[in-house]
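Colleague: Please take a close look at the aromatic rings of this model, and then follow the chain outward from them into the elements that carry or adjoin them. I would like one connected account rather than a list.

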Amino acid sequence: MRLGVLDVGSNTVHLLLVDAHPGARPVPFASYKRPLQLVAHLDDGGAVTARGQRLLADFVAEARDFAVRHRAQDLLAFTTSAIRESANGQGVLDFVELETGVELRELTGRQEASMTYLAARRWCGWGAGTLLDLDIGGGSFEMAQGQDELPDVAVSVPLGAGRLTRGWLREDPPAPTAVQALRSHIRDVVQEAAAEFREYGAPDLAVGTSKTFRSLARLTGAAPSAAGPYTRRRLRRADLSALIPRLAQMSAAQRAELDGVSALRAPQVLAGALVAEAAMEAFAIKSVRICPWALREGLILQRFDTLRFDTMRVNPPVRLPAGPQLLPPEPAGALVLAAAGEPNGSAPK
């Protein structure tokens, strides 16, 4: 079957269509995305403006039509910190559904961390042992660790690269005092979050699962994306620490000229590097392996694990089916996610 997953992020809104069935690896079929940068459409009170809502609804409608046109049989549409932390998040969700017929599901930070971890676990396989996943988004930073399909501990903190850049690094290039102040702030927040992981012991493998980690690895000598997803890539803490002073002295335009850094993400790559460095210090890890799968793939994998084919119907506009619900609400003190199936083994695509 063909499944679509629509990810409303802080920087980009991205529809990914994949072909697969339960037990099989998802194979990418098509991708449709736009750099809406919803965080640039927040008013002084932190609410998404009318223009921002209109732009989002228009693209969601385009993505819905794209999915239907390419015969998608199911669509997962979700949003993370971009809407979750806005002052009018529920109003934005209601507006989009009214305008497009697509229900955007808002993930909590813990759910986001857990589904990203699931993707990393499936990619790395059981042989990885205890797995620590780190994921730096535009609005938040997720950490999760465990030995099974779902993590033992999952934490989300407001240390997204875009958020930090807007709040702390207003000059271009940034002032050295601003960089130092941000570094101290990040270390304080990450150290506190990392304390929740101590009772679970040290991981056997640490992975980074975001565009920020991929860019930083490329900047420190890892293979380009053209080498393919199966090429092993690592980001070493020593190399990262040596890179940060260089990034801090550059303007966003200069960073955009570096291999692996897009013009969209060039302003925030420094903040992302500071978060990555602080996390590697807090968890006492010398390097992270770059994992090409992240949140979208985690949600896709979970959906295929829980789909019931006898109840599926294709009937545009595409909606989340009324059957098994994705990511039910969390009760107090517990993380509740739909049960995942058997692992696909080592390094699926």
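Modeller: Y32, F59 and F66 are linked into a cluster by ring pairs, and, as with everything that follows, this is read from a predicted model. Another ring, that of F29, has the charged end of R2 sitting over it, 3.5 Å from the ring centre.

Taking the structure as a whole, a search finds five aromatic pairs. One of them is formed by W123 and W293, whose ring centres lie 5.3 Å apart with 65 degrees between the planes, an edge-to-face arrangement. This pair links distant parts of the chain, since W123 belongs to helix 4 while W293 lies in the loop between strand 11 and helix 11, 170 residues apart. With a relative accessibility of 8%, W123 counts as buried, and W293, at 7%, counts as buried too. F197 and F283 form another pair, with centres 5.1 Å apart and planes at 90 degrees, so that this pair is edge-to-face as well. Because F197 sits in the loop between helix 6 and strand 9, and F283 in the loop between helix 10 and strand 11, the contact ties together parts that are 86 residues apart in sequence. Both F197 and F283 are buried.

Several of the elements just named meet at a sheet. It is an open sheet of six strands with mixed pairing, in the order 8-7-6-9-11-10. Strand 8 and strand 10 stand at its edges with a single partner strand each, so one side of each is left without a neighbour in the sheet. On average, and with direction ignored, neighbouring strands here are turned by 25 degrees against each other. Helix 4, which spans residues 109–124, packs on this sheet and touches strand 6, strand 7, strand 8 and strand 9, its direction making about 55 degrees with that of strand 7. Strand 6 and strand 7 run antiparallel and are joined by six bridges, and within strand 7 it is A144 that stands opposite D133. Helix 10, covering residues 269–282, lies across strand 6, strand 7, strand 10 and strand 11, and runs at about 160 degrees to strand 6.

Going back to R2, this residue falls within strand 1 (residues 2–8), which runs parallel to strand 4 and is joined to it by six bridges. At V8, the bridge partner in strand 4 is T79. In a regular strand the side chains alternate between the two faces of the sheet. In strand 4, D74, L76 and F78 lie on one side and L75, A77 and T79 on the other, and all are buried, so both faces are covered. F78 also stands opposite R105 in strand 5, a strand that runs parallel to strand 4 and is joined to it by two bridges.

Further along the chain, S86 is placed in the loop between helix 2 and helix 3. At 11% relative accessibility S86 counts as buried, because the limit is under 20%. A polar atom of its side chain lies 2.8 Å from the backbone oxygen of I83, and the backbone nitrogen of G89 lies 3.3 Å from a polar atom of the S86 side chain. Leaving out residues up to four places away in sequence, S86 touches L42, G46 and V48.

Notes: Residues numbered from 1 in each chain as written. Predicted model: local features only at pLDDT ≥ 70, side-chain atom pairs only at ≥ 80, totals over all residues. Heavy atoms only, no water. Buried < 20%, exposed > 50% of the residue type's maximum accessible area, 1.4 Å probe, protein only. Helix = DSSP H or I, 4+ residues; strand = E, 2+ residues; numbered from the N terminus. Pairing = 2+ DSSP bridges. Axes fitted to C-alpha atoms, helices over the stretch in contact; angles between N-to-C directions. Contact = heavy atoms within 4.5 Å. Phe/Tyr/Trp six-rings, centres within 6.5 Å; stacked < 30°, edge-to-face > 60°. Lys NZ or Arg CZ within 6 Å of the ring centre and 35° of its normal. Polar contact = N/O pair within 3.5 Å; in protein donor to acceptor, adjacent residues only side chain to side chain.
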